[in-house]
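Biologist: I've got a model open and a pile of terms I only half trust. Could you walk me through what earns each label?

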Amino acid sequence: MHDFLLSPDEIHVWRSGLDGSPEKLREYRDLLSEDERARADRLLREADRTHFTFARALLRRLVGAYLQATPASLKFSYASQGRPYLIGNFSRPIPDFNLAHSSGTALFAFAIGREVGVDIEFIREPVDEAAIARRYFHPEEAAALLALPNAERSREFFRLWTRKEAYLKAGGEGVSGMG
């Protein structure tokens with residue numbers, strides 16, 4: 001088992017791919033709780049089931065390394081917006097954590113004594129940046145985005161979107177909190 005140390009003045013961010021061999025998928029699935037396996041099984045696409053399984057198993061492995069606990073023994077509950085948190089007593093401080101995944105890549109963030117959020121988005125076309133920006137961004141942000149040349153707009157849209165999403169996730173919300 002790895003032993004990761006996290007001091008209160010640090011934030012650790014991890015990135016990982018979410019694909020692997022069928023053997024690794026079975027191994028990781030065994031780390032999940034019954035409700036996590038059921039949640040994975042409800043996903044329609046095989047790739048989504050695989051990515052969810054890898055993301056949750058990696059989260060368990062990372063949290064386990066910070067707490068010196070076995071990944072399968074960890075118990076999670078969920079806040080009203082679906083954000084997972086740990087239940088139980090540990091000899092080390094429980095880190096605040098957050099995860100996001102998109103198109104086969106995951107980000108995980110960990111901190112002690114502060115809320116943390118991450119987001120990752122696959123840049124895809126076409127996206128109606130104008131409509132989304134007008135609905136979810138501050139009017140000045142939307143105006144600045146829409147003033148950009150088309151060639152720059154998509155990248156800047158996703159940069160702003162992921163920052164906003166990460167910020168809201170740190171507070172336990174998410175996109176639903178942006179309306």
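Biologist: What makes helix 3 count as largely enclosed by the rest of the structure?

Modeller: Buried means under 20% relative accessible area, exposed over 50%, and partly exposed in between, using a 1.4 Å probe and protein chains only. In helix 3, 17 of the 22 residues are buried, so the helix is largely enclosed. One thing up front: this is a predicted model, where local features need pLDDT of at least 70, side-chain atom pairs count only at pLDDT 80 or more, and totals for chains, interfaces and linings use all residues. Residues are numbered from 1 along each chain as its sequence is written, and side-chain values use heavy atoms, with hydrogens and water left out.

Biologist: Why is Lys-169 called buried?

Modeller: Lys-169 has a relative accessible area of 13%, and the cut-off for buried is under 20%. So Lys-169 is buried. You'll find Lys-169 in helix 6. Across the chain, 42% of the 179 residues count as buried.

Biologist: How many helices and strands are there, and what makes a run count as one?

Modeller: The chain has 6 helices and 5 strands. They are DSSP runs, numbered from the N terminus: H or I over at least four residues for a helix, E over at least two for a strand. In sequence order the pattern reads β-α-α-α-β-β-β-β-α-α-α.

Biologist: What span is expected for helix 3, and how is that worked out?

Modeller: The expected span is 1.5 Å times one less than the number of residues. Helix 3 has 22 residues, with 32 Å expected, and reaches 31 Å from its first C-alpha to its last, which is close. Just after helix 3, Gln-68 takes a positive phi of about 55°.

Biologist: How do you know that strand 1 and strand 5 pair?

Modeller: Two strands pair if DSSP finds at least two bridges between them. Strand 1 and strand 5 have 7 bridges, in the antiparallel sense, so they pass. Val-13, for instance, stands opposite Ala-109 in strand 5. The open sheet has 3 strands in the order 1-5-4, with antiparallel pairing.

Biologist: Why are strand 1 and strand 4 at the edges?

Modeller: Each has a single partner strand, so one side of each is left without a neighbour in the sheet. Helix 3 lies across strand 1, strand 4 and strand 5.

Biologist: What makes a group of residues a nonpolar core?

Modeller: The members must be buried Ala, Val, Leu, Ile, Met, Phe, Trp, Tyr or Cys, joined through side-chain atoms within 4.5 Å. The largest such core has 26 residues, and Leu-59, Val-63 and Phe-108 are among those with the most contacts inside it. Helix 3 gives the most to this core, with 10 residues. There's also a second, separate core of 10 residues, including Tyr-136 and Phe-157.

Biologist: Why is helix 5 called roughly antiparallel to helix 6?

Modeller: Axes are lines fitted to C-alpha atoms, for helices over the stretch in contact, and angles run from 0 to 180 degrees between N-to-C directions. Under 35 degrees is roughly parallel, over 145 roughly antiparallel, 65 to 115 roughly perpendicular, and the rest oblique. The axes of helix 5 and helix 6 cross at roughly 155° and come within 9 Å. That makes the two helices roughly antiparallel. Contact means heavy atoms within 4.5 Å, and here Leu-145 of helix 5 and Phe-157 of helix 6 are among the residues making it.
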